[in-house]
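Let's take a walk through this structure together, one region after another. Please keep the viewer open as you read.

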Amino acid sequence: MATMVSPQAQRYVDELDEIWVERSGLLGWLTTTNHKRIGIMYFFTALAFFGAGGVEALLIRTQLIGPNGHLLSPQAYDEVFTMHGITMIFLFVIPMTTGAFGNYLVPLMIGARDMAFPRLNALSYWIYLGSGLFMYVALVQGHAPNAGWFDYVPLASKQFDPGNNIDFYGYGLIFNGISSTIASINFIVTIFKLRAPGMSINRMPLFCFAFLAASFALLFALPSLSVAALFLELDRQLGFHFYDAAYGGNALLWQNLFWIFGHPEVYIIILPAFGIATSIIPTFVHRRMVFFPLVALSEILVAFLGFGVWVHHMFTVGFATLTTVYFAAASLIIVIPSAIQLFAWIATILTGTPDFQTPLLFIVGFIVYFIIGGLSGITVAAIPFDQQVHDSYYIVAHFHFVIFGAAVFPILGGMYFWFPKVTGRVYHELTGKISFWLTFAGTFITFFPMHIVGILGMPRRNYTYPPGMGWTLLNFIESIGAYILAAGLVLIVANLAVSYVRGPRRDPPYEGDTLEWATTSPPPPYNFPVIPIVSSPYPMWDKDDRERDRQRLDRGEGLLNLGHQTPATTAQDAELDEILTMPPHSAWPPVTALTLAGIFAMLVMGHYWIAVGFLALGGLTLLGWHQHEASAAG
Amino acid sequence: MSWSEAAPRRLRRLLPPATIVTVSIGLTGCGSKQSILTTRSKPAHDIALLWWWMLAAAVVVFAGAVALLIVAWARRDTPGLPFFGEREDLSQGMVLLFGVGIPFVALVALFGVSDVYLVGQTAPPNPRTTPMTIDVVGHQWWWEVRYDGGRVDTANEIHIPVDTRVDVIATTADVIHSFWVPALNRKIDMIPGITNRVLLYASAPGEYRGQCSQFCGVQHAHMSLEVFAQRPAEFRAWLAGQERPAPAPLTARAQAGKQLFMTDQCASCHTIAGTPADGTVGPNLTHVASRTTLAAAEIRNTPQELAAWIRDPQAIKPGDHMPDLGLSSTAVSEIVAYLEELR
């Protein structure tokens, strides 16, 4: 809190400012390794992709507003709904939660000065940007992936999809997966090793538990997707027959591999959202989370159990009944840790003194929609019912309540909640509330009727439908809901954009409980002049501890001012282990990402030798990267 | 009385919240031909009944949780629980009761009913219990329907005798499709290299609409089918008609149409039994005039719509494998005259 820095402390702060000074201008952003700058780049990139995915959603809803719609050709519709799925899952939600929120907040919440591997962190951003642009180049050129986001073979095989649409999908996901893998390793190491002294694992914020669980899940789930995509491209490019039943391959192999990744993915999407909820709730209800240890355990259990349920996406493929029954049981068991968290949030709100400001409203919206999505999820764990509604709009309704209602609502609430942290200004509260109600109503009007239209037998992924099926009115309502929802989302962005320029300055804006509120808003490049020493999971509510931090700063104690230094602590008890020196800005991450983009661009164009050239270039880049490290250490 | 009506009606009286949803489905579902709730077989009926019970339970859970949130809002200035005050042990007990205890009981019950008992009802039928077998083969974007190992080969319309357990053998000729007639049973995927089976049974005569429910390419939206459940005598008469080879054309125009069919490209994709036409890419047309719809239930089978389809199939199903042959309108009308005789 800048205002509270005493004159004698100012000297030390100035010294740190000088050590951590950042390059200005475009070059500064291109070569930054600062987790906050990387988080902001992630945020704006993910927001742009959210906009693109949103436009795709509006195209879909406009096409379906009445029967026999023809805004889009069938080919264009297939590309649009496929890109909508790919964008929202791979280019918006995951990068927005882990990339933007995680990057910006995890180091702040654990009292660290950066992520454990700052350059890798930059690399994961640049690879993400490259992979997103890679797939969007395909859309602009009119041959975007067109076999749905789960891309079932043999529809996605060369025989039935001879263009390079699917190659953009296959290569794009391998490309994108590198980014997520790097990011999850970085989060795991950061959370285990960079926590402030005293922040033993049981004092770690639930937000960080959620990100830890999601990162582990991502790390173990992604190989399955990458292997699946690799097999797909080997089939398509080199005539392998992994998925080709006519040559001893197996079309279900793709489905198995995809969903072994795909279901943990759902929890990877939603766990960070849980984390955001557990940050916002205590702040606005002015009390600690009910049953903190059980909630932490549940977060981890959800991530773990999520690996054992993938066949519930495949109840209609004709597996033996016993096989499906096991997966139905596992899918039902996962309800328990989810329900524990749900009622822990409700109990906390109930027993606290909630102040229903915009961020908390979004969390209440999230709770309501998570219940709807959870309940519809339970119904499809009843195998016979799933076998009726599978691949109908009922499923579309279910997963939009889960992904939009339960994952995106906390993201939106989180955008409001941490806006004052990132900008130093506060948003407009009344506009915030209006934007909540628009978004909340829009979501319900868009997605709730989909349950009914699914029960009335409308299959998903149809570019049009005939009149007289009982679907017309419901589809019309859904489309109107989509426009309302879009208006709500635009209002959120507008509120934040205007507040960035004109919002009143207030720091801190509220009595947050975790360490990101222990520093100025926006925080300096080194986050904390002195690393806080922690004695509970709610360090900001321990006023004496924070007072002691201020006194240490006044005395110039523990400044770690010999370069980009941050303390590393033991993984469990967070006892001081060593002082790390972090690398400064570096041009190698974007250059490395560029060579990777070159490899994948050449692969998709079929210029294999040039791709090999880029691979060699990538090797040289890595050599350069480590060359630099050696001299820095020396 | 159909399978769907008896039990749910009793249930609706018991459950007012469900009634609201029921009514809204009823209102919007007028003329709905593919609803999973208008059922004509035991498995489909049981699934519909399961749905009503799950809906009722879900409404209770949802209402309870939202009620807690409303209480939280009403008591926003008062810390602690209603009646009990600030008791952390009771707050934790609440989490355990609602988060573990009640869900556990409810989930075990649901598992028992749906995944132990009912799942057996929707499993592939024991072949000894099915006096009849039909092969249904998914194609981009139509359904091939074969009786007696191919003695009868038709498309997009499945005729079955009423009150008869029919074993449908579901396979695909190309990509994955999913065979789904909601009024009669669950869906089953058609996957290359795999032979799946599903029971088809209708307790009342009628027409039941089905649709492919696994995305299968550009014309996935136009891949529907009709099941005709007929009285046994009617069904036997239909089957006997389908077994005969195609009749020779009678009128001069039909004869010219046949000539065109055989020499132009039609015969390379379509079969007409008793003629040289033996293509297997498109539907078998031996008795095409006996069908009620064309192009996978996309258009009605009238001479006008048939002519429109032959003239410009891409206008009706863009991206379909049936090409625009650039036929003159005379040629089209002659081919239509021929096909119209294939009863």
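The paragraphs below start where the two chains touch and then move into each chain in turn.

Before we set out, please bear in mind that this is a predicted model. A good place to begin is the contact between chain A and chain B, to which chain A contributes 74 residues and chain B contributes 77 residues. On the side of chain A that touches chain B, several helices supply at least two residues each, including H4 (74–109), H8 (251–285), H12 (358–379) and H16 (472–502). The most comes from H11(A), with 12 residues. Sorted by class, this side of chain A holds 50 nonpolar, 20 polar and four charged residues.

To look at the contact from chain B, find Thr122(B), which sits in helix H4 (residues 88–122) of that chain. Is Thr122(B) buried or exposed? It counts as buried, because it has 26 C-beta neighbours inside 10 Å, and the cut-off for a buried residue is 20 or more. Leaving aside residues up to four places away in sequence, Thr122(B) touches Pro384(A) and Gln387(A) from chain A, along with Pro43(B), Asn185(B) and Arg186(B) from chain B. Pro43(B) is 79 residues away from Thr122(B) along the chain, yet their C-alpha atoms are separated by 6.0 Å.

Staying in chain B, turn next to its open sheet, where five strands follow the order E3-E2-E1-E5-E8 with mixed pairing. Strands E3 (152–155) and E8 (196–200) of chain B stand at the edges; each has a single partner strand, so one side of each is left without a neighbour in the sheet. On average, neighbouring strands here are turned by 25° against each other, direction ignored. For a view of one pairing, follow strand E1 (residues 132–139) and strand E2 (residues 142–147) of chain B, which run antiparallel and are joined by six bridges. Within this pairing, Val137(B) has Glu144(B) in E2(B) as its bridge partner.

Further along chain B comes helix H8 (residues 303–311), in which Leu306(B), Trp309(B), Ile310(B) and Arg311(B) are buried. The elements that cover these buried residues of H8(B) include strands E11 (293–294) and E12 (299–300) and helices H9 (313–316) and H10 (329–340) of chain B.

Now back to chain A and a pair of helices. H8(A) packs against helix H9 (residues 292–305) of chain A at an angle of about 170°, and their axes are 10 Å apart. That angle makes H8(A) roughly antiparallel to H9(A), since the cut-off for this label is over 145 degrees. The crossing of H8(A) with H9(A) is left-handed. From H8(A), Tyr267(A), Leu271(A), Phe274(A) and Thr278(A) meet Val295(A), Glu299(A), Val302(A) and Ala303(A) of H9(A). The residues of this contact divide into six nonpolar, one polar and one charged.

Let's finish with some backbone details in chain A. Most residues other than glycine have a negative phi, and most peptide bonds are trans. The peptide bond from Val153(A) to Pro154(A), however, is cis, with Pro154(A) in the loop between helix H5 (118–140) and helix H6 (165–193) of chain A. The bond from Asp507(A) to Pro508(A) is cis as well. As for phi, Arg461(A) has a positive value of about 70°; this residue lies in the loop between H15 and H16 of chain A and counts as buried, with 21 C-beta neighbours inside 10 Å. Leu560(A) also has a positive phi, near 55°.

Note on methods: Residues are numbered from 1 along each chain as its sequence is written. Chains are lettered from A and ligands numbered from 1 in the order in which they are written. This is a predicted model: local features need pLDDT of at least 70, side-chain atom pairs count only at pLDDT 80 or more; totals for chains, interfaces and linings use all residues. Two residues are in contact if their C-beta atoms, placed from the backbone, lie within 7 Å. Helices (H or I, at least four residues) and strands (E, at least two) are DSSP runs, numbered from the N terminus. Ala, Val, Leu, Ile, Met, Phe, Trp, Tyr, Cys and Pro count as nonpolar, Asp, Glu, Lys and Arg as charged, and the others, Gly among them, as polar. Two strands pair if DSSP finds at least two bridges between them. Axes are lines fitted to C-alpha atoms, for helices over the stretch in contact, and angles run from 0 to 180 degrees between N-to-C directions. A residue is buried if 20 or more other C-beta atoms lie within 10 Å of its own, exposed if 12 or fewer, and partly exposed in between; C-beta atoms are placed from the backbone. Angles under 35 degrees count as roughly parallel, over 145 as roughly antiparallel, 65 to 115 as roughly perpendicular and the rest as oblique. A crossing is left-handed if the near helix is turned anticlockwise from the far one by less than a right angle, and right-handed if clockwise.
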